[in-house]
Every structure is written in structure tokens, then in C-alpha cells.
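Here is a brief report on one chain. Have the sequence and the 3D view open while reading.

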Amino acid sequence: MTVDAHHARVFSTELSRLKADIADLRLAHPVLRVDGEAPGPIADALRFVAESPVAGWIDHFTDRAESTGSGTLSFRLELPLGRPEGNQVVGEYVFANDRIKLAGDVPALTQLNGKLMFSNHDVHASALAAEIVGGPARLNIASADGRVRVEAQGTANLSMLRSEYASQPLLSRVSGTTEWQLAMQVANDASTWTLDSTLRGAAVDLPLPIAKAAADAVPLKIQRQATDPGHDALAIRYGTLGRLSLQRRLTPAGAVTERALLALGTTDGNADRPGLWVRGELSTLDLDGWLGVKRQLDSGPEALPLTGVDLTVGAMEVFGRQLNDLRIGASRGGDDWQIDLRGRELVGTARWQAAAPGRSNGRIVARLQRFTAPPSAPASMIATPVAPGAPPAANPWPSVDIVAESFRLKERDLGKLELVAQPSESDWRIESLKLSSDDGSLVASGWWRGSGRAPRTQLDTDLEVRDAGKYLARFGMPDAVRGGRTHIQGQLEWSGSPQEFDYPTLNGTLRVETGRGQFVKLDPGLGKLLGVLSLQALKRRLTFDFQDLFGEGFAFDEITGDVRIQDGVMKSDNLKIVGPSARVTIAGETNIASETQKLRVRVQPTLSGTISVGAAAFLLANPILGAAVGAGTLLAQTAMKDPIEQMFANEYVVTGNWSDPIVERVGRSPATAAAPAETIKQ
């Protein structure tokens with residue numbers, strides 16, 4: 001029996017050629033042979049495969065596939081009637097610029113061309129050509145023992161991943177092109193595959209340690225395997241950084257991650273607890289950058305929540321500072337975190353409270369045994385600044401309540417630190433900042449104005465020092481002063497954040513009042529500025545005038561005055577130093593950043609008490625004054641408003657730098673305040 005059909009249809013596809021025949025009807029099991037050819041939509045060809053015995057013969061490889069385009073299906077069936085176990089099929093499908101998307105995480109194939117051959121024994125194709133993720137690719141397909149194996153390689157345009165996997169927000173941070181290789185195996189309606197790439201040519205715009213320039217090569221390996229019906233496991237290894245393991249539940253809407261473990265460094269393990277856990281070691285971590293990434297993730301689909309952390313970091317950037325050799329242990333309870341910190345700069349515990357009404361950016365409460373002011377993070381770890389004219393970024397700062405029993409700066413213990421601050425719109429309000437010790441306390445409050453192009457810090461300060469000498473010793477200037485109870489009150493502001501004290505933009509006013517003390521020894525640094533007050537430059541240059549006034553250092557009963565600061569330049573016209581041996585008035589200015597000065601100094605020796613040796617010699621050289629001294633008429637000078645002291649007063653112009661000032665005597669001076677700086681000739 002032979003049938004030649006001129007017209008036939010399979011689903012919506014017209015068969016262009018169909019022939020069926022039975023060579024011998026007398027056999028016990030006559031064999032029906034069917035030859036056909038069906039050009040038409042690829043969707044019909046896939047439906048034909050799915051609803052025929054062919055689906056089982058190729059292990060349902062094309063089930064749930066999505067497709068567009070058309071091609072030509074050619075096939076031959078040999079069906080022994082009454083003996084279905086003897087059924088045979090041989091066929092091929094010729095792709096013509098088609099698109100097909102297999103089920104699962106495999107990306108779509110577009111511009112697919114080539115020939116796929118199949119039978120009830122196997123499926124195979126050599127060098128199918130396609131575009132995958134925007135780049136050219138070649139595929140080889142073969143099957144054996146009920147398994148279908150696909151090998152592919154190509155070049156991907158990574159910007160296309162954003163449309164291919166739209167639910168993954170971090171793919172917007174990946175760009176460039178890179179080569180890849182894929183090995184996939186399908187068996188029992190489950191797929192296992194491995195993707196490898198050097199990522200050379202790919203740029204990863206994520207914080208450290210994942211950030212990568214396009215020219216760098218970082219091996220990437222992604223492995224997927226089915227674990228049981230309805231579940232799979234995904235493992236992602238990124239260079240030597242570590243491995244991310246995911247346990248997922250498969251649903252019609254896609255895979256849902258239930259457990260995850262990020263094992264860093266040499267740490268290993270599997271995701272065996274609900275949530276995302278992070279364990280291991282890192283050389284560098286940009287926490288500030290990752291907090292920004294978290295905000296991006298929070299705006300996307302619901303992600304697996306971070307549940308616990310056990311991490312050691314060599315260098316971590318947080319709030320623009322670098323913490324070193326830090327061990328972090330953290331566990332989550334609801335929306336809050338309990339954190340244990342052990343590092344070079346800090347030791348103690350903290351509690352993180354998630355954002356809620358009244359704390360839009362969350363709140364951190366820390367109780368530390370030791371806190372060392374960390375250095376600024378290196379430029380390589382700091383995010384690119386916002387371009388001029390760009391709108392201000394949302395305020396990232398949380399509310400903070402920090403107490404450190406020992407606050408250290410450059411290996412010096414400055415006492416107990418207490419800080420309470422919270423965000424306010426785009427600014428950060430410093431409600432209370434207190435630094436206290438046995439020698440004194442500094443109390444401040446103010447703002448970090450973070451909006452606009454030029455963020456500024458503004459503080460109201462009140463410094464109460466019981467012993468200036470001991471207090472300065474805490475700041476690295478031992479033996480600079482003896483005694484000297486001090487009170488300094490004022491307002492300061494500068495460009496930048498609170499932790500970046502910027503002298504060139506420093507502005508404000510200060511009122512200075514001190515009790516009895518003595519300048520002793522002055523070291524480099526801020527001590528050089530104290531040299532302006534101690535008059536040691538005058539002593540060094542004009543020993544014959546003031547040897548007896550200084551002794552081991554200029555003693556003072558009080559120092560008072562008002563200081564104005566404008567763009568890092570300190571100015572005063574009423575700074576007075578009153579001591580048992582002299583009265584000094586200073587007017588002019590000093591530049592903190594450049595360590596220079598332009599001052600007019602008036603020194604008036606005090607003769608009301610005992611007379612210095614140098615002064616007595618001068619008196620004895622004058623018969624009239626000597627007689628007055630000898631007659632005991634020194635008391636008269638007090639009633640006459642210190643006329644003798646005024647006779648010994650001298651004025652000096654002090655210029656140059658702090659380390660090596662230039663001192664010029666401008667002559668004796670009447671009993672008036674030192675001339676303002678503007679009158680000093682340059």
C-alpha cells in the first residue's frame with residue numbers, strides 16, 4: 001500500500017511532501033513507513049516533537065521551550081504495526097535565523113542557523129551558529145545513554161544581560177564583551193551545566209573586592225545541578241575571592257533561593273541554613289560602596305535576606321575611613337543585628353537597628369572598650385565623586401550612639417568618647433560630641449551640612465582643661481606647658497566632613513582664657529604655634545633683653561583674648577599674656593596651613609615685685625634711677641601707673657615661618673596695645 005498526499009497539515013503547518021507505504025501487508029507486523037517535510041513555524045515543529053514519541057526519545061530536551069521564526073522539518077517514521085517497541089524515527093530540522101529559549105536559566109539563542117538531526121536513539125548537531133547574549137556563538141549537540149550534551153562557546157555583550165535577566169538589578173553594573181564556554185547535560189528532564197569565562201574585556205562596576213577593570217582577567221565559573229525534583233543548586237566561583245552557593249526551589253515563575261552561603265578566601269562549605277550567610281577572609285572590603293549596592297537591591301525584587309556574618313577583613317572602608325585587621329561576628333534577629341567587633345582600631349559590641357519611623361537610615365548603638373581614629377581610606381577604595389551640578393545624593397548616614405571608653409588618636413589616649421548624631425534631611429545633626437579625661441573635656445554640637453556642591457561641618461565647641469600641660473601631653477606635646485587651667489569657647493566650620501579637618505577653609509571665632517602656667521618646651525607640630533605665645537623666638541634672638549624674664553620658660557598668670565579665623569588664618573588684636581616677669585600683648589595673624597605669621601608683639605617687663613638682674617643693672621647704670629631704687633621709691637611707680645615698666649617696654653615684628661621666625665625690634669613703645677597686623681610693614 002502506498003499513499004502520496006498532495007495536501008496535509010500538522011497543526012498549522014502545511015506538509016510540502018508526504019508519502020506513506022506498507023511494503024507487505026501479509027506480514028505478521030507490517031511496517032508503516034512515513035516520509036514527510038514540513039516547512040513552517042518553529043513553534044509547530046516543537047509542538048510536533050512534544051506531542052509525539054520523539055519527545056521521550058530525546059528525553060524531553062525541547063519541552064517548555066519558547067521560539068519564534070521558521071524552519072524545515074524532515075522526518076522518516078518506521079512503525080511495525082502491533083509492535084510499538086520497534087518504532088524508529090530519523091529526521092532533521094534546519095534552522096533559518098530562528099530564536100529559541102530553552103527552559104531554565106539558559107539564555108535565549110537568536111539568529112540560529114544550522115541543522116539538528118535526531119532519531120529515537122540520539123540527537124546531534126555540529127557547529128550550529130547563533131547569537132547568545134548579543135555575541136556570536138557556536139554549538140555542538142550530542143546525545144547518548146538518555147543524556148543530551150550541549151557544548152558551546154562564544155563572545156557575550158554583557159550589556160545584553162540586563163534585558164535577558166531583567167530581575168537581576170546588579171547586571172546594570174556589568175559592561176563590555178568577554179569570551180565564554182558552556183557545557184550542559186540534560187537527563188530525566190533536569191539539566192546540569194557549567195559556564196566558564198576569564199572575564200577579560202568585562203568591566204565590573206561594583207565595590208571592592210569584586211570591582212574589576214576590563215583589561216583584567218578574573219576566572220568565573222558557574223555550575224548548576226539538579227538536586228531533587230523541584231530543587232537545584234547553583235555555585236558561583238569568582239577568581240580567588242571565594243564561592244557563592246545557592247539552594248533554590250524551582251517554581252513556574254522561576255527559581256527562588258532558600259539558602260545561600262558566601263564562602264570567602266579558602267573557606268569552604270555548603271548552604272545548609274535558611275537565609276544568606278557570609279563566612280571567610282577578605283583582604284579588602286568597601287563597606288560604604290556595598291551599602292549603596294544594598295539600597296539598589298532593596299529597590300528591586302525581594303532578595304534573600306542576609307542572616308549572619310563571620311568575617312575577617314584585612315582593610316575595610318566604612319564612612320570614608322579604613323579599619324584594619326577586623327574580625328566581624330554578626331547575627332540577625334528580626335530587623336536588628338547584634339555585632340561583635342575585634343580589630344586594630346576598635347574592640348567592642350554594637351547593635352544595628354533597621355530603618356523605621358524616626359530613623360530613616362537605621363541606627364547604630366556601639367559600646368566599645370577601645371576605639372582608635374582610623375586613617376582615611378585610600379583613593380583606590382573611595383567611590384567616584386558626584387559630578388558638579390548633579391543633584392545631591394540621598395543622605396546615607398544613620399543615627400549613631402557611640403561610647404568608647406578609650407579613644408585613641410595616633411597611638412595617644414585622648415580619653416572617653418561619646419557621640420550622639422542623627423540625619424536631618426540631607427544633613428547630619430551632631431547632637432552631642434564629648435571627649436573627656438582626667439585632664440579636661442571637650443564638648444561640641446553642630447551640623448554636617450551634606451547637601452549642595454560644598455558640604456560643610458559646623459560646630460559649637462566648649463573646651464574646659466584642668467591642666468593644659470597634661471592635656472597637651474595627650475596630644476603628643478609633652479612638657480610644652482606646666483599647669484595652665486584653660487577655657488576655650490567658640491564656633492568653628494570648615495569644608496568637608498567632620499573627620500576631615502580642613503585648615504584652608506577653617507572659619508570661626510574663639511575666646512581664650514587660661515590660669516597660671518609656664519611655657520617650657522615646644523616640639524614640632526602645633527607646638528610651633530605655641531612658640532608664638534611662649535616668646536621663645538624673642539628669647540633665642542634677643543637674649544640680652546629677656547634672659548631674666550624667661551628662666552627655664554616664660555611663666556604666665558593668665559592668657560586672655562579673642563581669636564577670629566578666616567580661611568585658615570587666625571587673627572587677634574587683643575591677645576594678652578600676663579606673667580610675673582612681663583606683660584605681653586600680641587596683635588596680627590598666623591596662617592595655620594602654611595605655618596607662617598605676621599605679628600606685632602609688645603613686651604613690658606614687670607617691676608612691681610622683685611627686680612630682675614638685667615633690669616637692676618640698667619637702673620644702677622643711671623644715677624638718678626639708681627638713687628630712686630636705692631631710696632625705695634619703687635613703690636611710686638605703681639601709683640604713677642607703671643611709668644618705669646613702660647620705660648622698659650619694647651615692640652617687635654615677628655614674621656616668617658613658625659620653625660624659624662624672623663624677629664625685628666621696632667623700638668620702645670608707649671603704654672598702648674600692640675599695633676594691629678595691618679600696620680606691619682611687609
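Arg248 in β17 has Thr257 in β18 as its bridge partner. This is a predicted model, in which local features need pLDDT of at least 70 and side-chain atom pairs count only at pLDDT 80 or more, while totals for chains, interfaces and linings use all residues. Residues are numbered from 1 along each chain as its sequence is written, and side-chain values use heavy atoms, with hydrogens and water left out.

**The β16-β17-β18 run**

Strands here are DSSP runs (E, at least two residues), and helices are H or I runs of at least four residues; both are numbered from the N terminus. Two strands pair if DSSP finds at least two bridges between them. Strand β18 covers residues 254-264 and is joined to β17 by ten bridges, antiparallel. Two residues separate β17 and β18 in their hairpin.

β17 (residues 242-251) also runs antiparallel to β16 (residues 231-238), with eight bridges between them. One partnership in this pair is Ala235 with Ser245 of β17. β16 and β17 form a hairpin too, with three residues between the strands. Gly239 sits in that turn and has a positive phi of about 55°.

**Leu220 and the loop before it**

Leu220 lies in β15, which spans residues 220-228. Leu220 has a relative accessible area of 17%, so it counts as buried (buried is under 20%, exposed over 50%, partly exposed in between, with a 1.4 Å probe and protein chains only). What does Leu220 touch beyond its neighbours within four places in sequence? The contacts (heavy atoms within 4.5 Å) are Leu195, Asp196, Ser197, Leu199, Ile236, Arg237 and Tyr238. Leu220 and Ile236 are 16 residues apart in sequence, and their C-alpha atoms are 7.4 Å apart.

The loop between β14 (202-204) and β15 holds Pro209. A cis peptide bond joins Leu208 to Pro209, with omega of about 15°.

**Positive phi outside glycine**

Two residues other than glycine with positive phi are Ala127 and Asp325. The table lists their values.

| Residue | Phi | Strand | Relative accessible area |
|---|---|---|---|
| Ala127 | near 55° | β9 (residues 123-132) | 35%, partly exposed |
| Asp325 | near 50° | β21 (residues 321-333) | 44%, partly exposed |

**An open three-stranded sheet**

Strands of a sheet pair through backbone hydrogen bonds, either parallel or antiparallel. β30, β33 and β34 form an open sheet in that order, with antiparallel pairing. β30 (481-483) and β34 (555-556) stand at the edges with a single partner strand each, so one side of each has no neighbour in the sheet. Three bridges join β30 to β33 (residues 517-519). In β33, Phe519 is the bridge partner of Val481.

**Ser437**

Is Ser437 buried or exposed? Ser437 counts as buried because its relative accessibility is 12%. Ser437 lies in β27 (residues 427-437). Not counting residues up to four places away in sequence, Ser437 touches Leu414, Gly415, Arg466, Tyr471 and Arg474.

**Cores and surface**

A nonpolar core is a set of buried Ala, Val, Leu, Ile, Met, Phe, Trp, Tyr and Cys residues joined through side-chain atoms within 4.5 Å. The largest core has 103 residues. Leu139, Ile141, Leu311 and Met316 touch the most other members. A second, separate core holds 23 residues, including Met477, Ala582, Ile586 and Val654.

On the surface, Met1, Val3 and Leu25 make a nonpolar patch of about 290 Å². Patches are made of residues with over 30% relative accessible area and no salt bridge; like charges are joined within 9 Å, nonpolar side chains (Val, Leu, Ile, Met, Phe, Trp, Tyr) within 5 Å. A salt bridge is a side-chain nitrogen of Lys or Arg within 4 Å of a carboxyl oxygen of Asp or Glu. Leu25 is placed in the loop between β4 (17-22) and β5 (31-41). Its relative accessibility is 54%, so Leu25 counts as exposed.

**Whole-chain totals**

The chain has twelve helices and 40 strands. Of its 682 residues, 42% count as buried. The accessible surface comes to about 35,000 Å² (Shrake-Rupley method, 1.4 Å probe; for residues, only the protein chains shown count as cover), and 55% of that surface belongs to carbon and sulfur atoms. Among contacts with a separation of 6 or more, 49% are between residues 24 or more positions apart.
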